[in-house]
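Student: Could you pick one part of this model and take me through it closely, then work outward from there? I'd like one connected walk, not a list of loose features.

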Amino acid sequence: MSNSKYTETKLIHGGISIDERTGAVNVPIYQTSTYKQDGLGKMRGYEYSRTGNPTREALEALIAELEGGVAGFAFGSGMAAITAVLSLLHSGDRVLISSNVYGGTFRVLDKVFDHFNINYTIADTTHPDVYETQITDDVKAVVIESPANPLMSVTDIKAIAEVSHKHGLLVIVDNTFMTPYLQKPLELGADIVVHSATKYLGGHSDVVSGLAVVNSKELAEKIAFIQNSTGGVLGPFDSFLLIRGIKTLAVRMDRHVENAEKAAEFLTAHKAVKNVYYPGLKSDSGYETNRRQAKNGGAMISFELHENYDIRKFFESLELISLAESLGGVESLVCHPATMTHASIPADIRKKVGITDGLIRLSVGIENINDILADLEQAINAAEIK
């Protein structure tokens, strides 16, 4: 465990960073399913790798320290993590969700948890006073994304946590877009933080994983039970890859954000661009709130082109930037939320919350910014309807 107060140092030395048995500076990949016992009831700390594995344990200790939580848990995907957390709810409970959340979170509530009579309501978490009016007796939790996917809307996590706790709600924050390097929801009052660690934490588009961190021993015991009982754990090799990715998070995020700020300015000034959604812009409605609770605006941007531009042609014309699902890797990616990440949300709901058919989401990579901007420029020019 790191004694440093600096996140940059904790990323490298936090959690269980050295193998005590050998002194290896990287925790080994304990690629085993089971462990020899010295006798009945005489274990050496581990019995079966679904229940516990040294490589996964090192990762879980690391994310707990980075988020400032009591315990961390590693899962096979971000959706496995959010599913485990939502499994804390009971039949008849209702959960409030931010008006634009990841489509997978919406889908699991709309199509899976509804089978167990666990319901949801889409809430306006960007206005705490409006949000409070949506809390009914059956609401037991709120799921917040800030910035939210894909419109980058910002929620005042501290304010929503205060209102929620007044009504006895569990506050769950998806911190995927910001990571603990840029934002720490538990310090702002959240009870649970979840990550699709596939994204910035892994950082190299080579591992699918999810993480959860809790702020109390009671929640830790409950999530540990759910994790072991349902079994959606992260394997040791993927845990090793994720630890390796996290070590370079600070330097990667600094470059991601540097590029994103320049890309947002470029898009804002471009005659072809109708709207830009990026909380790092002073003109953005969430700028002041985001500045109070996060280090900067992150590296995700969404934008819309004017009607005389064909977005299909835009996507087809990109050369450096790839059209692909996911985000947060070293490479720049674009996606079309309406048909990709948020296709599981009905069209009428997408329209209501502002996810238009013309919305483009850009995950700004760490390539040379001049190459990123040049690719955007030529693809936009190619998309103009003459």
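**A helix pair and its surroundings**

Tutor: Helices α10 and α14 cross in a right-handed sense. Keep in mind throughout that this is a predicted model. α10 covers residues 249–269 and α14 covers residues 369–383; their axes come within 10 Å and cross at roughly 30°. Angles under 35 degrees count as roughly parallel, and α10 and α14 are therefore roughly parallel to each other. On the α10 side, the contact is built from Asn259, Lys262, Ala263, Phe266 and Leu267. α14 answers with Ile369, Ile372, Leu373, Leu376, Glu377 and Ile380.

Now stay with α10 and look at what else it meets. This helix lies across β8, β9 and β12, and it runs at about 15° to β9. Those strands belong to an open five-stranded sheet with mixed pairing, in the order β8-β9-β12-β11-β10. At its edges are β8 and β10 (322–323), each with a pairing partner on one side only.

β9 deserves a slower look. What covers its residues, and on which faces are they buried? Met300, Ser302 and Glu304 are buried on one side, and Ile301, Phe303 and Leu305 are buried on the other, with both faces of β9 covered. That matches the overall count for residues 300–305: six of six are buried. In a regular strand the side chains alternate between the two faces of the sheet.

The neighbours of β9 are easy to trace. Strand β8 (residues 273–277) is joined to β9 by four bridges, and the two run antiparallel; Asn275 stands opposite Glu304 there. With β12 (residues 359–363), β9 pairs over five bridges, again in the antiparallel sense. Phe303 has Ile360 of β12 as its bridge partner. Phe303 has a second role too: ring pairs link it with Phe314 and Phe315 into a cluster. The structure holds five aromatic pairs.

Go back to the start of α10 for another link. Thr179 touches Leu249 and Met253, along with His195, Tyr200 and Leu201, leaving aside residues up to four places away in sequence. Thr179 sits in helix α7 (residues 179–182). Is Thr179 buried or exposed? Buried, because its relative accessible area is 0%, where the cut-off is under 20%.

Next, follow the five-stranded sheet along to β11 (333–335). The loop from β11 to α13 carries Thr341. This residue counts as buried because its relative accessibility is 8%. Thr341 also bridges a long stretch of chain: Tyr102 is 239 residues away along it, yet the two C-alpha atoms are separated by 7.0 Å. The contacts of Thr341 include Tyr102, Gly103, Gly104, Cys335 and Arg361.

Gly103 and Gly104 bring us to helix α4, where they are among the buried residues, together with Thr105, Phe106, Val108, Leu109 and Asp110. α4 (residues 103–112) is mostly covered, with seven of its 10 residues buried. The buried part of α4 packs against α3 (78–86), β2 (94–98), β3 (119–123), β4 (139–145) and α13 (347–353).

With β2, β3 and β4 we have reached the other sheet: seven strands, open, with mixed pairing, ordered β1-β7-β6-β5-β4-β2-β3. β1 (71–75) and β3 are its edge strands, each pairing on one side only. From one strand to the next, the twist averages 20°. β2 and β3 run parallel, joined by five bridges, and Val95 stands opposite Tyr120 of β3. Helix α6 (residues 157–166) packs on this sheet as well, touching β4 and β5 (170–174), and its direction makes about 155° with that of β5.

One last helix pair to set beside the one we began with: α2 (residues 54–67) and α9 (residues 236–247) have axes 8 Å apart and pack at an angle of about 35°. Their crossing is left-handed. Residues meeting there include Leu59, Leu62 and Leu66 from α2, and Phe240, Ile243 and Ile246 from α9.

Definitions and conventions:
Residues are numbered from 1 along each chain as its sequence is written. This is a predicted model: local features need pLDDT of at least 70, side-chain atom pairs count only at pLDDT 80 or more; totals for chains, interfaces and linings use all residues. Side-chain values use heavy atoms; hydrogens and water are left out. Buried means under 20% relative accessible area, exposed over 50%, partly exposed in between (1.4 Å probe, protein chains only). Contact means heavy atoms within 4.5 Å. Rings of Phe, Tyr and Trp (its six-membered ring) pair if their centres lie within 6.5 Å; planes under 30 degrees apart count as stacked, over 60 as edge-to-face and the rest as tilted. Two strands pair if DSSP finds at least two bridges between them. Axes are lines fitted to C-alpha atoms, for helices over the stretch in contact, and angles run from 0 to 180 degrees between N-to-C directions. Angles under 35 degrees count as roughly parallel, over 145 as roughly antiparallel, 65 to 115 as roughly perpendicular and the rest as oblique. A crossing is left-handed if the near helix is turned anticlockwise from the far one by less than a right angle, and right-handed if clockwise.
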